[in-house]
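The exercises below each set a task and then work through a solution step by step. Keep the sequence and the structure at hand while following them.

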Amino acid sequence: MLNTVELIGRLGADPEVRSLRNGGQVCNLRVATEERWTDDNNQRRERTTWHTVEIFGKGTVGAVEKYLRKGSLVHVAGILAYDEYEKDGAKQVRAKIKVSGPQHKIIFLDKKASEQADDEPGSNG
């Protein structure tokens, strides 16, 4: 079976890092992807889709927090996961991309050349 998602997009806000009860950290990102096409009337169309990305792993979270900011271009590879919760008495479901395993990654696509020589933050650690 396979559950994998890959996105290339820009951050809509600075990364949000928070501590977990077990002492670890999680980083949440909002990533925008764009789709462009020409419709049946020969009009150019564009649609932006927002994705919630949840990143685990001390090394990866630290690198994301250090190097990424609103507008950063990233390549995210992870799994599709869902949060279920109740709001105003109704069941809600929220999709997210979870980056937590060794096969998952976040690659910084627009970092400066001087930063590329530093730690390689593209792997989970």
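**Exercise 1.** Locate L80 in the secondary structure, and determine which nonpolar surface patch includes L80.

*Solution.* In this predicted model, L80 belongs to strand β5. The next step is its accessibility: L80 has a relative accessible area of 32%, and because this value falls between the 20% and 50% limits, L80 counts as partly exposed. As a final step, L80 joins Y82 and V93 in a nonpolar surface patch of about 280 Å².

**Exercise 2.** Identify the salt-bridge partner of D83, and state for each of the two residues how it is classed by accessibility.

*Solution.* The side chain of D83 meets that of K96 in a salt bridge, with an N to O distance of 2.9 Å. This pair links distant parts of the chain, since D83 sits in strand β5 and K96 in strand β6 (residues 90-99), 13 residues apart. The relative accessible area of D83 is 23%, so D83 is partly exposed, whereas K96, at 7%, is buried. Both residues also belong to a network of salt bridges that links E54, D83, R94 and K96.

**Exercise 3.** Describe the surroundings of S72, beginning with its place in the chain and ending with its contacts.

*Solution.* S72 is found in the loop between α1 (58-67) and β5 (73-87). Its relative accessibility is 9%, and because the cut-off for buried residues is under 20%, S72 counts as buried. Its side chain reaches the backbone oxygen of R69 at 2.8 Å. When neighbours within four places in sequence are left aside, the contacts of S72 are G9, R10, L11, Y67 and D110.

**Exercise 4.** Two of the residues in contact with S72, R10 and D110, also form a salt bridge with each other; work out which parts of the chain this pair ties together.

*Solution.* The closest N and O atoms of R10 and D110 are 3.4 Å apart. R10 lies in strand β1 (residues 5-11), while D110 lies in the loop between β7 (105-108) and α2 (113-116), so the salt bridge ties together parts that are 100 residues apart in sequence. R10 is partly exposed at 41% relative accessibility, and D110 is likewise partly exposed at 40%.

**Exercise 5.** Decide how the buried residues of α1 are arranged around the helix axis.

*Solution.* The buried residues of α1 are T60, V61, A63, V64 and Y67. They cover an arc of only 165° around the axis, and therefore lie on the same side of α1. On the other side of α1, K58 and K66 are exposed.

How values were computed:
Residues are numbered from 1 along each chain as its sequence is written. This is a predicted model: local features need pLDDT of at least 70, side-chain atom pairs count only at pLDDT 80 or more; totals for chains, interfaces and linings use all residues. Side-chain values use heavy atoms; hydrogens and water are left out. Helices (H or I, at least four residues) and strands (E, at least two) are DSSP runs, numbered from the N terminus. Buried means under 20% relative accessible area, exposed over 50%, partly exposed in between (1.4 Å probe, protein chains only). A polar contact is a pair of N or O atoms within 3.5 Å; within protein, one must be able to donate a hydrogen and the other to accept it, and residues adjacent in sequence count only if both atoms are side-chain atoms. Contact means heavy atoms within 4.5 Å. The arc is that of the directions from the helix axis to the C-beta atoms. Patches are made of residues with over 30% relative accessible area and no salt bridge: like charges are joined within 9 Å, nonpolar side chains (Val, Leu, Ile, Met, Phe, Trp, Tyr) within 5 Å. Accessible areas come from the Shrake-Rupley method with a 1.4 Å probe; for residues, only the protein chains shown count as cover. A salt bridge is a side-chain nitrogen of Lys or Arg within 4 Å of a carboxyl oxygen of Asp or Glu.
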